[in-house]
Structures are given as structure tokens and as C-alpha cells.
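Hi everyone, thanks for making time. I'd like to walk you through a structure that's probably new to you, so let's put it up on the screen and start.

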Amino acid sequence: MYPEPGGLLIWGNTWNADQLFWLTEGEPDEWPVAVWYRQLAEWDRFDGGFASFMLALVTGTYPMVEELLPPRTPDVPEWETHSDWGHPAEGMVIDATAVLPAPSG
């Protein structure tokens, strides 16, 4: 089975071409997150698992949050992604309200 225990399994990348991996050691729900910072040419390990890692990102408590999330500006709302890569998704906007149910009541 790929990867071997203790190997890296990629699960994402960022706006800045950094890469995010699970370090496949222990139980899958507890796999640490490993981040390769391309611009800095260095690694970071987050031992809290995926959910804790994502929570640390969105709350701004992850020490390298500025490296992983795009800069915030008044003209680009949070949770909206714009792509400028010159491929069919160019100009794509992801709006979470399009896939989330409307509040009831």
C-alpha cells in the first residue's frame, strides 16, 4: 500500500505553491501534517492532526499562517478564491454559499 508507514501523502497545496502532506505514522486520524514551504525551502511539522491544523489556520494561531493563506485585502472577501493561472478555471470564484444549505427558520 502506498505510501509506506512513515511516508508522506500529499493532500494539498497553497496559493504560494507550498505543499501539504500527512506523515503516515500511527493511526490515520492522528497523522501529523507536514508542510513544505517552497519559498523558504524548509519543512514544518504540525502534530495536532488535520482538523487541528485547519482550525489553527482559520483562527490565525498557526505560526506560519501568513505563508499558507493568501493576503487579506478589503476587495477580496475571506473564503473566496480567484484563479489567474491561464487555464479553463481562470477567474473561477468558489462561493461556499453555493454548496451549503440555506439556514432554516
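**A walk from the middle strand outwards**

Let me begin with strand β3: four of its five residues are buried, so the rest of the structure largely encloses this strand. Before I go further, please keep in mind that what you see is a predicted model.

Okay, the overall layout. We have one chain of 105 residues, and 24% of them count as buried. The chain has four strands and two helices, and if you read along the sequence you get β-β-β-β-α-α. So how much surface does the chain expose? About 7800 Å², with 60% of that supplied by carbon and sulfur atoms. As for contacts, take those with a separation of 6 or more: residues 24 or more positions apart make up 20% of them.

Now to the sheet. The four strands form an open sheet, ordered β1-β2-β3-β4, with antiparallel pairing. Which strands sit at the edges? Those are β1 and β4, the latter being residues 42–46, and each of them pairs on one side only. From one strand to the next, the twist averages 30 degrees.

Let's go across it pair by pair. Between β1 and β2 there are five bridges, in the antiparallel sense. If you want a spot to look at, find L9, which stands opposite W22 in β2. Moving over, β2 and β3 also run antiparallel, and four bridges join them. Here, F21 stands opposite A34 in β3. Then β3 and β4, antiparallel again, are joined by five bridges, and V35 has D44 of β4 standing opposite.

That pair, β3 and β4, forms a hairpin with four residues between the strands. Have a look at A41 in the turn: its phi is positive, about 55 degrees, even though A41 is not a glycine. Is A41 buried or exposed? With a relative accessible area of 52%, A41 is exposed, because the cut-off for that is over 50%.

There's another residue like this in the loop between β1 and β2, namely A17. A17 is not a glycine either, and it has a positive phi of about 70 degrees. A17 counts as partly exposed, at 31% relative accessibility.

While we're in that loop between β1 and β2, find T14 as well. T14 has a relative accessibility of 16%, and buried means under 20%, so T14 counts as buried. What does T14 touch, apart from residues up to four places away in sequence? The answer is L20 and L68.

Those two names come back in the core. The largest nonpolar core has eleven residues: L20, V33, V35, Y37, F46, F53, A56, L57, Y62, V65 and L68. The elements that give two or more residues to this core are β3 (33–37), α1 (50–59) and α2 (65–68). So both helices and the strand I started with are on that list, and that strand is largely enclosed because four of its five residues are buried.

One core residue to zoom in on is V35. Leave aside the neighbours within four places in sequence, and V35 is in contact with Q19, L20, E42, W43, D44, F53, Y62 and L68. We met D44 already, as the residue opposite V35 in β4.

Last topic: the aromatics. How many aromatic pairs are there? The count comes to ten. One of them is W11 with W22, a tilted pair with 5.6 Å centre to centre and 35 degrees between the planes. This pair links distant parts of the chain, with W11 in strand β1 (residues 8–13) and W22 in strand β2 (residues 19–23), eleven residues apart. Are these two rings out in the open? In between, really: W11 counts as partly exposed at 24% relative accessibility, and W22 is partly exposed at 23%.

W11 and W22 also belong to a wider group, since one aromatic cluster is formed by W11, W22, W31, F46, F50, F53 and Y62. If you compare that with the core I listed, you'll find F46, F53 and Y62 in the cluster and in the core.That's my tour, thanks for listening.

Conventions:
Residues are numbered from 1 along each chain as its sequence is written. This is a predicted model: local features need pLDDT of at least 70, side-chain atom pairs count only at pLDDT 80 or more; totals for chains, interfaces and linings use all residues. Side-chain values use heavy atoms; hydrogens and water are left out. Buried means under 20% relative accessible area, exposed over 50%, partly exposed in between (1.4 Å probe, protein chains only). Contact means heavy atoms within 4.5 Å. Accessible areas come from the Shrake-Rupley method with a 1.4 Å probe; for residues, only the protein chains shown count as cover. A nonpolar core is a set of buried Ala, Val, Leu, Ile, Met, Phe, Trp, Tyr and Cys residues joined through side-chain atoms within 4.5 Å. Rings of Phe, Tyr and Trp (its six-membered ring) pair if their centres lie within 6.5 Å; planes under 30 degrees apart count as stacked, over 60 as edge-to-face and the rest as tilted. Two strands pair if DSSP finds at least two bridges between them. Axes are lines fitted to C-alpha atoms, for helices over the stretch in contact, and angles run from 0 to 180 degrees between N-to-C directions.
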